[in-house]
There are 2 protein chains.
Amino acid sequence: MTIRDFKTIATNRCFDGVQGVYSHASTETRTTMRFSVFTPPQAAHGPVPVVWFLSGLTCTEENVTVKAGAQRVAAELGLMLVAPDTSPRGVDDGGETVPDDPDGAWDFGLGAGFYVDATEAPWSRNYRMFSYVATELPQLIEAEFPADMAAQGIMGHSMGGHGALTMALRHPGRFRSVSAFAPITSPLNCPWGEKALGGYLGADRSLWRAHDTTALIADGARCPHILVDQGLADGFLDSQLKPQLLEEVCMATGQPLTLNRREGYDHSYYFIASFMEDHLRWHAAALKE
Amino acid sequence: MTIRDFKTIATNRCFDGVQGVYSHASTETRTTMRFSVFTPPQAAHGPVPVVWFLSGLTCTEENVTVKAGAQRVAAELGLMLVAPDTSPRGVDDGGETVPDDPDGAWDFGLGAGFYVDATEAPWSRNYRMFSYVATELPQLIEAEFPADMAAQGIMGHSMGGHGALTMALRHPGRFRSVSAFAPITSPLNCPWGEKALGGYLGADRSLWRAHDTTALIADGARCPHILVDQGLADGFLDSQLKPQLLEEVCMATGQPLTLNRREGYDHSYYFIASFMEDHLRWHAAALKE
């Protein structure tokens with residue numbers, strides 16, 4: 001894949017590093033994709049470890065970039081932070097408008113790519129967020145940023161927690177650290193997941209297992225010790241997120257997991273901000289070994 | 001003034017404190033006004049010091065609340081943070097729509113109250129942000145929140161830096177700590193200020209001096225040692241902000257000032273976030289003496 005139309009949209013100095021927003025013409029999604037990168041000051045002296053942050057439903061690359069307070073800690077620890085968008089958007093290279101949920105719902109279509117490569121029409125033309133995040137964007141990051149691709153970690157929130165965990169489980173050896181805030185632990189077992197995977201991948205639920213954290217672990221996939229923080233006042237806890245499913249499969253299979261249940265915390269970026277430092281230190285400890 | 005229609009719009013647990021957004025029916029502006037309050041965990045044990053944050057042009061109470069990363073430090077230091085909106089908005093209690101800049105410009109009218117009480121029509125009906133911030137909202141905070149009103153600090157950004165400095169200079173003894181990020185130092189000497197004070201207060205520039213930091217200091221007003229951070233890559237530095245005017249008048253009059261010029265930093269919240277911890281520690285040091 002070649003890098004096309006790579007552009008810098010904005011850069012701001014932040015904690016002595018550079019917070020940038022960039023775009024490029026994605027081959028996978030056929031659209032212009034935006035992403036953010038925080039380059040820490042240590043990158044002036046050579047490549048630095050990279051931590052990916054995959055965002056949740058309705059988000060773009062902007063939410064975590066402006067709301068999570070991550071740059072302070074990343075600047076201290078010398079971590080690059082990369083945040084992709086959550087779906088293709090706009091008009092693609094064939095002049096077609098990227099389709100959205102027919103009812104305009106926020107849990108499918110735009111802002112809700114679910115980190116899969118859709119196989120069902122009309123989604124399959126643009127909704128290729130698995131390959132975009134797993135292959136195309138890393139190639140761009142490696143080519144254009146001072147990133148040490150031998151030291152990658154991945155984290156995410158909600159739908160992006162699902163994305164981070166499945167990415168790590170599907171790419172053994174690539175990520176040396178893994179964490180999630182309030183992840184969707186099993187799309188097979190929640191309404192968000194059933195709608196998304198049913199829509200993007202079709203009705204055959206056996207095909208969903210490759211995009212279900214608990215199924216992947218049950219089927220033998222492993223990744224580095226997983227850190228999860230989950231707020232107990234999260235309105236989606238019982239209906240969508242179900243951390244106990246992750247806990248059970250990790251216990252049964254020996255996949256290492258640290259699951260912190262946080263009294264009073266909800267699903268918002270105020271929750272994420274409160275524990276971002278813990279997560280980045282978790283990543284740094286593994287990435288700097 | 002009585003407190004009317006005080007409502008909690010949202011609360012989120014954040015760094016073991018509570019980040020809330022609230023509204024009330026303001027007597028000063030005749031509109032529903034929103035504001036945010038971060039209540040730190042220490043407030044469970046009694047009233048805590050209060051730091052006011054006045055925001056800049058185009059902002060609401062939301063910008064600093066979600067972008068500045070202030071809660072982490074405030075939670076550690078036991079500071080309450082209060083962020084008002086920057087203008088009246090919407091339809092007032094007489095059924096009149098709050099007027100905006102006739103050209104829809106972002107530097108006057110909505111989002112640009114400039115922390116003055118307008119005397120010119122049609123602005124004088126609703127644009128009373130000086131009295132709102134100086135009198136009405138503090139009464140509400142004192143009545144409804146665990147705030148130690150004997151330990152108040154004030155800070156702000158850009159137009160809100162102007163607001164913070166003029167509020168402190170106009171209320172000797174009220175604020176024990178004062179700081180600003182990239183403040184407008186002299187509305188008398190910049191296009192933003194000339195437009196705003198000309199519009200709200202009329203053409204007699206002698207009336208503007210009561211809302212001009214450098215004029216107030218030149219005229220004898222004093223406040224606690226002022227901390228200012230100013231980015232040197234700020235696109236408004238030379239045309240609007242002019243920190244040298246503040247530096248000169250403080251030097252000439254003996255008003256204590258620490259002015260940090262920050263290489264590479266711009267006017268954004270990435271700049272504010274980078275130095276928020278320094279400012280909150282500055283406030284805490286004075287407020288906890």
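Buried means under 20% relative accessible area, exposed means over 50%, and partly exposed is what lies in between (1.4 Å probe, protein chains only). Keep that handy for the exercises.

This is a predicted model, where local features need pLDDT of at least 70, side-chain atom pairs count only at pLDDT 80 or more, and totals for chains, interfaces and linings use all residues. Residues are numbered from 1 along each chain as its sequence is written, chains are lettered from A and ligands numbered from 1 in the order in which they are written, and side-chain values use heavy atoms, with hydrogens and water left out.

**Exercise 1. Find what holds Arg262(A) and Asp278(A) together, and classify both residues by accessibility.**

Step 1. Check the atoms: the closest N and O of Arg262(A) and Asp278(A) are 3.8 Å apart, and the pair forms a salt bridge. The cut-off is a side-chain nitrogen of Lys or Arg within 4 Å of a carboxyl oxygen of Asp or Glu.

Step 2. Place the two ends: Arg262(A) sits in strand E9 (residues 257-262) and Asp278(A) in helix H9 (residues 269-287) of chain A, 16 residues apart. Helices (H or I, at least four residues) and strands (E, at least two) are DSSP runs, numbered from the N terminus.

Step 3. Classify: Asp278(A) has 39% relative accessibility, so it counts as partly exposed. Arg262(A), at 22%, is partly exposed too.

**Exercise 2. Work out where the partners of the Glu28(A) to Arg128(A) salt bridge lie.**

Step 1. The side chains of Glu28(A) and Arg128(A) meet at 2.6 Å, N to O.

Step 2. Glu28(A) is in the loop between strand E2 (17-25) and strand E3 (32-39), while Arg128(A) is in the loop between strand E5 (80-84) and helix H3 (129-144), which puts them 100 residues apart in chain A.

Step 3. Glu28(A) counts as buried because its relative accessibility is 12%, whereas Arg128(A) is partly exposed at 25%.

Step 4. Now hop to chain B, where Arg128(B) forms a salt bridge with Asp117(B), with the closest N and O atoms 3.8 Å apart. Asp117(B) is buried at 17%, and Arg128(B) is partly exposed at 25%.

Step 5. For the wider tally, the structure holds 34 salt bridges over all chains. In chain A, Arg72(A), Glu76(A), Glu277(A) and Arg281(A) are linked in a network of them.

**Exercise 3. Decide whether helix H4 of chain A is enclosed or open, and look at the residue just before it.**

Step 1. H4(A) covers residues 159-170, and its 12 residues reach 16 Å from first C-alpha to last, close to the 16 Å expected at 1.5 Å a residue. The expected span is 1.5 Å times one less than the number of residues.

Step 2. Since 11 of its 12 residues are buried, H4(A) is largely enclosed by the rest of the structure. Among the buried ones are Met159(A), His162(A) and Leu169(A).

Step 3. Ser158(A) lies in the loop between strand E6 (147-157) and H4. Its phi is near 60°, a positive value in a residue other than glycine, and Ser158(A) is buried at 2%.

**Exercise 4. Describe the meeting of chain B and chain A.**

Step 1. Count: 22 residues of chain B are in contact (heavy atoms within 4.5 Å) with 22 residues of chain A.

Step 2. Size it up: the two chains bury about 1800 Å² between them, 53% of it on carbon and sulfur atoms. That area is the accessible area (1.4 Å probe) that two parts lose on being put together, summed over both.

Step 3. List the interactions: there are zero salt bridges between the chains, but 12 residue pairs are in polar contact (both at pLDDT 80 or more). A polar contact is a pair of N or O atoms within 3.5 Å; within protein, one must be able to donate a hydrogen and the other to accept it, and residues adjacent in sequence count only if both atoms are side-chain atoms.

Step 4. Find the main supplier: H9(B) gives the most to the side of chain B that touches chain A, with five residues.

Step 5. Pick an example: the side chain of Ser268(A) makes a polar contact with that of Asn12(B) at 3.4 Å. Ser268(A) counts as buried, at 19%.
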